[in-house]
Amino acid sequence: MKNSKMSQELTEEDIKNRFITPAIEKSGWKKEQVRMEYSFTDGRIIVQGEYTKRGKIKKADYLLFYTDNTPLAIEAKNNNYSVGYGIQQGIEYAKILDVPFVYSSNSDGFVEHDMLRGIEKDVTLNEFPRPEDLWDRYINAKNIDSEIEETIKTPYYFSISNRKNPRYYQRIAINRTVEAIAKGENRILLVMATGTGKTYTAFQIVYRLKEAGLKKKVLYLADRNILIDQTMQNDFKSYEKVMTKIQKRMLDSSYEIYFGLYQQLSEYEGRKPYLEFKPDFFDLIIVDECHRGSAKEESQWREILEYFHTATQIGMTATPKETKKVSNISYFGEPIYTYSLKEGMNDGFLAPYKVIRVGLDKDLEGYRPGKGKKDIYGNEIEDREYNTNDYDKHLIIDDRTKKVAERITKFLKRKNRFSKTIAFCVDIDHGERLRQALVNENSDLIAENPKYIVKITGDDKFGKSQLDYFIDSDEKYPTVVTTSKLLSTGIDCKTCKLIVLDNNINSMTEFKQIIGRGTRLEIEKGKEYFTIMDFRGSTRLFADPEFDGEPVNIIDWNEGESPSERSKNNDESFDEGFSNGKKFRVNDIPVKILSEKVQCYDKDGNLITESIVDYSKRNILDEYRTIDKFLLRWNKETRKQIIIDELQERGVFLEEIKQESGKYDMDEFDLFAILLLIRNL
């Protein structure tokens with residue numbers, strides 16, 4: 001059908017109101033099933049210098065829900081385009097939203113793309129499918145029988161007045177898990193980046209399964225008290241009357257939901273507490289942070305899971321562990337859903353990061369003590385070349401520790417001295433020495449409150465007692481903490497703005513977990529991004545394809561033992577960074593900073609050297625290869641703000657460019673043109 005002149009002059013809103021919406025409603029879709037202008041991301045946070053801005057949100061013109069759980073996307077365009085013009089963008093959104101059918105339209109009709117069969121066809125305005133028709137096509141394509149159908153279409157989400165419904169990726173994780181369990185699968189792996197709501201997702205899965213009558217007795221397993229306590233006090237609070245925490249290795253069969261440490265169930269003094277329950281007692285087991293002990297075949301943690309083998313078991317992690325000896329995939333199977341750190345940041349749900357790489361002379365050049373050199377204890381130091389792999393493990397250079405403390409303090413003084421900070425050290429001894437060096441650099445604030453700087457490690461009762469205060473967004477103290485491994489996983493400190501890496505990280509799993517300590521957003525508290533200060537070159541791992549890729553079974557590297565394996569008889573996992581072997585210590589070797597590089601995270605997930613002007617030149621050139629191409633677009637576009645908005649999405653901030661370059665009075669056209677000319681020279 002040929003477009004009429006009148007319809008060509010209609011706006012996109014006119015097209016939707018006059019043609020598309022009536023066609024949808026006429027086919028039986030109720031108003032509550034139709035969501036218009038459906039935004040499903042918050043827009044990436046773009047960081048340049050000290051400035052942050054939000055990028056564009058992703059938004060579907062229509063999203064149709066058969067139930068609250070099952071959406072179908074439609075992308076509408078105005079009548080200046082063909083009926084199928086929006087289909088490719090619709091397919092992109094459908095992949096993200098896990099939607100089976102996509103429609104593109106103008107006033108003439110629809111083009112339908114079936115994601116399940118890969119088939120497209122034209123549909124007239126009067127032939128738009130009824131909800132029941134699409135649902136039948138969906139369940140038939142996925143081989144879903146009537147019993148499973150009732151389970152998956154039941155729109156159960158537990159709603160709390162001050163919380164929204166699940167985000168799109170949480171909905172997908174919940175739906176896929178419920179569907180898999182309804183089909184009889186009993187080993188499931190969910191991979192979700194730190195800060196994306198794994199425990200909230202776990203709660204909604206438990207709620208759906210219990211409401212559907214599929215599961216009654218639930219065990220939630222973790223390896224640290226803080227993980228259990230946070231989960232019970234927050235996401236699972238509505239179950240407080242029917243849930244219990246296993247303590248003192250005592251089990252009570254009268255509850256519905258059990259929270260426990262592996263250590264509380266493992267063998268202790270010849271007794272295995274979990275044997276007090278029959279193997280079929282639990283219907284469902286949630287394994288939090290399953291990259292830790294449960295990934296290892298010979299661990300006592302795995303023994304517990306295998307004892308309750310009839311239960312459906314869901315492993316949840318941000319970092320599935322895959323080595324020659326340790327594998328989540330071999331036990332739980334391939335992930336049924338993965339939501340990565342990169343996706344979380346691009347969607348604007350996670351905080352992006354900047355990296356400050358600090359090069360110390362003794363790190364970059366190495367240090368050789370020379371024959372006969374003695375340490376402060378009178379021990380002769382082995383004459384060889386020492387480097388970052390040795391420092392604080394075999395050789396302690398006091399001035400190196402001091403320079404690290406000085407650089408951290410300088411950063412905080414320039415930014416905000418009360419920015420929550422975690423400094424990761426080689427071991428507990430190193431954590432104590434760095435704490436002391438930081439105290440001396442911040443004596444004024446320490447005099448006001450000694451808790452300004454605290455060491456939190458597995459061996460330190462006082463430090464561990466301060467952990468709840470550190471992660472509390474409303475608590476001022478502690479502000480700066482030093483640690484080894486204890487805070488590397490599962491600790492929810494939303495306001496952490498600075499992560500210091502002064503340890504040698506060779507494990508991708510550990511690296512991703514540490515970075516995850518900073519990825520949570522807390523806009524109300526001024527946390528829009530975080531900074532990583534790297535003294536050991538650990539951020540080289542950002543360039544590794546494995547950093548944000550799909551887990552692959554089996555990877556050829558070894559990561560050593562998990563902390564809880566080494567302390568299985570304790571109620572809390574201890575820091576694995578205890579001092580081992582002899583250490584030499586010197587206090588007469590000067591250390592200085594040789595180099596620094598500041599890098600920021602761009603839209604493609606790469607770290608690029610930060611300079612607002614240089615970065616902007618590069619991004620303008622990416623869009624406009626020549627000045628002629630820029631002029632053609634500029635003259636064609638009646639609303640210049642469209643071009644400005646597009647470049648802002650690429651991180652080009654005009655006001656900031658003017659400020660850094662000193663060109664305060666220059667208009668947008670001249671500024672773009674000059675940057676292009678300079679970049680093309």
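**Stop 1: Cys496**

Select Cys496 to begin: this residue is buried, at 0% relative accessibility. Keep in mind as you look around that you are viewing a predicted model. Colour the stretch from 496 to 501, and you will see strand S21, where Cys496 sits.

Now show what surrounds Cys496. Setting aside its neighbours within four places in sequence, Cys496 is in contact with Lys420, Ile422, Arg517, Gly518, Lys527 and Phe530. Try a distance label too: from the C-alpha of Cys496 to that of Thr531 you should get 9.2 Å, although these residues are 35 apart along the chain.

Which cysteine sulfur is closest to that of Cys496? Select Cys493 to find it, at 5.2 Å. A disulfide needs two cysteine sulfurs within 2.5 Å, so the sulfur of Cys496 is too far from the one in Cys493 for a bond. Across the structure, the number of disulfides is 0. While you have cysteines on screen, pick Cys425 as well: Cys425 is buried, with a relative accessible area of 1%.

**Stop 2: Pairs of opposite charge**

Side chains of opposite charge can pair when their charged atoms come close. How many salt bridges does the structure hold? There are 43 salt bridges to look for, and three of them make good visits.

Select Lys245 and Asp229 first. Their closest N and O atoms are 2.8 Å apart, and the two form a salt bridge. This pair links distant parts of the chain: Lys245 belongs to strand S11 (residues 243-245) and Asp229 to helix H8 (residues 225-233), with their positions 16 residues apart in the count. Switch on the surface and compare the partners: Lys245 is buried at 19% relative accessibility, whereas Asp229 is partly exposed at 26%.

Next, show Asp390 and Arg384. Here the side chains meet in a salt bridge with an N to O distance of 3.0 Å. Is Asp390 buried or exposed? Asp390 counts as buried, at 8% relative accessibility, while its partner Arg384 counts as partly exposed, at 25%.

For the third pair, select Lys402 and Glu441, whose side chains meet in a salt bridge at 3.8 Å, N to O. Two helices are linked here, and the residues are 39 apart along the chain: Lys402 is in helix H14 (residues 398-414), and Glu441 is in helix H15 (residues 428-441). Lys402 is partly exposed at 37% relative accessibility, and Glu441 is partly exposed at 24%.

Then select a whole group at once: Asp363, Asp392, Arg400, Asp427, Asp429, Arg433, Asp502, Arg536 and Lys583. Salt bridges that share partners join these residues into one network.

**Stop 3: Helix H2**

Move to residues 12-26, which make up helix H2. From the first C-alpha to the last, this 15-residue helix reaches 20 Å, close to the expected 21 Å. Where does H2 bend? Zoom in on Ile20, where the bend is about 35 degrees, and then look for Pro22, a proline that follows within four residues.

An α-helix has 3.6 residues a turn, so residues three or four places apart point the same way. With that in mind, highlight Ile15, Lys16, Ile20, Thr21, Ala23 and Ile24, which are buried residues in H2. Past the helix, click on Gly28, which has a positive phi, near 105 degrees.

**Stop 4: Colour by confidence**

Colour the chain by pLDDT. The average over the protein chain is 82, and 77% of the residues score at least 70. Which elements have the lowest and highest mean pLDDT? Select residues 612-623 for helix H20, which has the lowest at 48, and residues 443-448 for helix H16, which has the highest at 98.

Two stretches deserve a look with this colouring. Over residues 551-576, pLDDT stays under 50, and the model has 84 contacts beyond four places in sequence for them. Over residues 611-618, pLDDT also stays under 50, with 28 such contacts in the model.

**Stop 5: Zoom out**

Finish with the whole chain in a cartoon view. The protein chain has 24 helices and 25 strands. Of its 681 residues, 57% count as buried. How much of the contact map joins residues at least 24 apart? Among contacts between residues at least 6 apart in sequence, the share is 73%.

How values were computed:
Residues are numbered from 1 along each chain as its sequence is written. This is a predicted model: local features need pLDDT of at least 70, side-chain atom pairs count only at pLDDT 80 or more; totals for chains, interfaces and linings use all residues. Side-chain values use heavy atoms; hydrogens and water are left out. Buried means under 20% relative accessible area, exposed over 50%, partly exposed in between (1.4 Å probe, protein chains only). Contact means heavy atoms within 4.5 Å. A salt bridge is a side-chain nitrogen of Lys or Arg within 4 Å of a carboxyl oxygen of Asp or Glu. The expected span of a helix is 1.5 Å times one less than its number of residues. The bend at a residue is the angle between axes fitted to the seven residues ending there and the seven starting there. pLDDT is the predictor's confidence in each residue, from 0 to 100.
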